[in-house]
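Let's take a friendly walk through this model, helix by helix. Have the sequence and the 3D view at hand as you read.

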Number of protein chains: 2
Amino acid sequence: MKVIVNVQLKNGVLDPQGKAVHHALGSLGFNSVNDVRIGKQILLDVAGTDAEAAKEEVTKMCEELLANTVIEDYTIELA
Amino acid sequence: MKVIVNVQLKNGVLDPQGKAVHHALGSLGFNSVNDVRIGKQILLDVAGTDAEAAKEEVTKMCEELLANTVIEDYTIELA
């Protein structure tokens with residue numbers, strides 16, 4: 001079962017990578033961009049067919065390893 | 001207008017970061033994971049309300065800066 005985890009910095013946490021990309025886009029002439037935030041997208045292939053169980057398992061993975069919940073939010077999608 | 005760009009390594013391109021996370025998950029006792037791939041999720045706030053124009057603009061950004069199209073694929077979603 002494919003599971004997609006999106007990890008983004010929480011609102012209010014400074015995102016230097018996003019700022020750098022925003023600046024670079026401006027340098028390339030893309031002036032219509034107001035803001036850029038950069039996070040991670042983690043694609044997991046989890047064994048089993050029980051969607052609820054998979055979601056619970058992946059939530060544990062996020063809490064323990066995949067996201068730093070002090071500064072990051074995560075969302076889990078079953079694909 | 002919010003635009004989400006997901007950038008992932010192409011199939012067949014080695015993903016050392018994914019391998020490392022896969023190994024770490026195994027060490028933590030998550031043995032149900034078959035594969036891990038890690039990419040970027042870029043959230044853009046683009047001026048304007050024309051969805052088609054925004055998508056075209058963001059496609060150009062991807063080709064020029066956001067993705068390395070030699071080794072990465074990208075998808076664009078309007079949120």
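## Helix α2 of chain B

In this predicted model, the buried residues of α2(B) include B:Ala54, B:Val58, B:Met61, B:Cys62 and B:Leu66. Looking down the axis of α2(B), you will find its buried residues within an arc of 105°, so they line one face of the helix. Turn to the face pointing away from that buried side, and you meet the exposed residues B:Glu52 and B:Glu56.

What do the buried residues of α2(B) pack against? Both chains contribute: chain A offers α1 and β2, while chain B itself offers β1 (2-9), β2 and β3 (72-78).

The length of α2(B) deserves a look too. A straight helix of its 16 residues would reach 22 Å at 1.5 Å a residue, but the end C-alpha atoms of α2(B) are only 19 Å apart.

## Helix α1 of chain B

Now move to α1(B), which covers residues 16-27. Its 12 residues should span 16 Å at 1.5 Å a residue, and the end C-alpha atoms are 16 Å apart, which agrees. B:Gly18, B:Val21 and B:Leu25 are the buried residues of α1(B). Seen down the helix axis, these buried residues fall within an arc of 65°, so they line one face of α1(B). Exposed on the other side of α1(B) are B:Pro16, B:His23 and B:Ser27.

The cover over the buried residues of α1(B) again draws on both chains, including β2 (33-46) and α2 (51-66) of chain A as well as β2 (33-46) of chain B. Just after the helix, B:Gly29 adopts a positive phi of about 95°.

## Where the helices of the two chains meet

Two packed helices are described by the angle between their axes and the distance between the axes. Here are the two pairings between chains A and B.

| Helix pair | Angle between axes | Axis distance | Residues that meet |
|---|---|---|---|
| α2(A) and α1(B) | roughly 105° | within 11 Å | A:Met61, A:Leu65 and A:Leu66 with B:Val21, B:Ala24 and B:Leu25 |
| α1(A) and α2(B) | about 105° | 11 Å | A:Val21, A:Ala24 and A:Leu25 with B:Met61, B:Leu65 and B:Leu66 |

The axes of α2(A) and α1(B) cross at roughly 105°. That makes α2(A) roughly perpendicular to α1(B). With an angle of about 105° between α1(A) and α2(B), those two helices are therefore roughly perpendicular to each other as well.

## Cysteines and two loop threonines

How many disulfides does the structure hold? Over all chains, the number is zero. A:Cys62 is buried, with a relative accessible area of 0%, and B:Cys62 also counts as buried at 0% relative accessibility.

Two threonines of chain B are worth a visit. B:Thr49 lies in the loop between β2 and α2 (51-66). Is B:Thr49 buried or exposed? Its relative accessible area is 76%, which makes B:Thr49 exposed. The C-alpha atoms of B:Thr49 and B:Val70 are 31 Å apart, with their positions 21 residues apart along the chain.

B:Thr69 sits in the loop between α2 and β3 of chain B and is partly exposed, with a relative accessible area of 32%. Leaving aside residues up to four places away in sequence, B:Thr69 touches B:Lys10, B:Glu63 and B:Tyr74. B:Thr69 and B:Lys10 are 59 residues apart in sequence, yet their C-alpha atoms are 8.9 Å apart in space.

Notes: Residues numbered from 1 in each chain as written. Chains lettered and ligands numbered in written order. Predicted model: local features only at pLDDT ≥ 70, side-chain atom pairs only at ≥ 80, totals over all residues. Heavy atoms only, no water. Disulfide = S-S within 2.5 Å. Buried < 20%, exposed > 50% of the residue type's maximum accessible area, 1.4 Å probe, protein only. Helix = DSSP H or I, 4+ residues; strand = E, 2+ residues; numbered from the N terminus. Expected span 1.5 Å × (residues − 1). Arc of directions from axis to C-beta. Contact = heavy atoms within 4.5 Å. Axes fitted to C-alpha atoms, helices over the stretch in contact; angles between N-to-C directions. Parallel < 35°, antiparallel > 145°, perpendicular 65-115°, else oblique.
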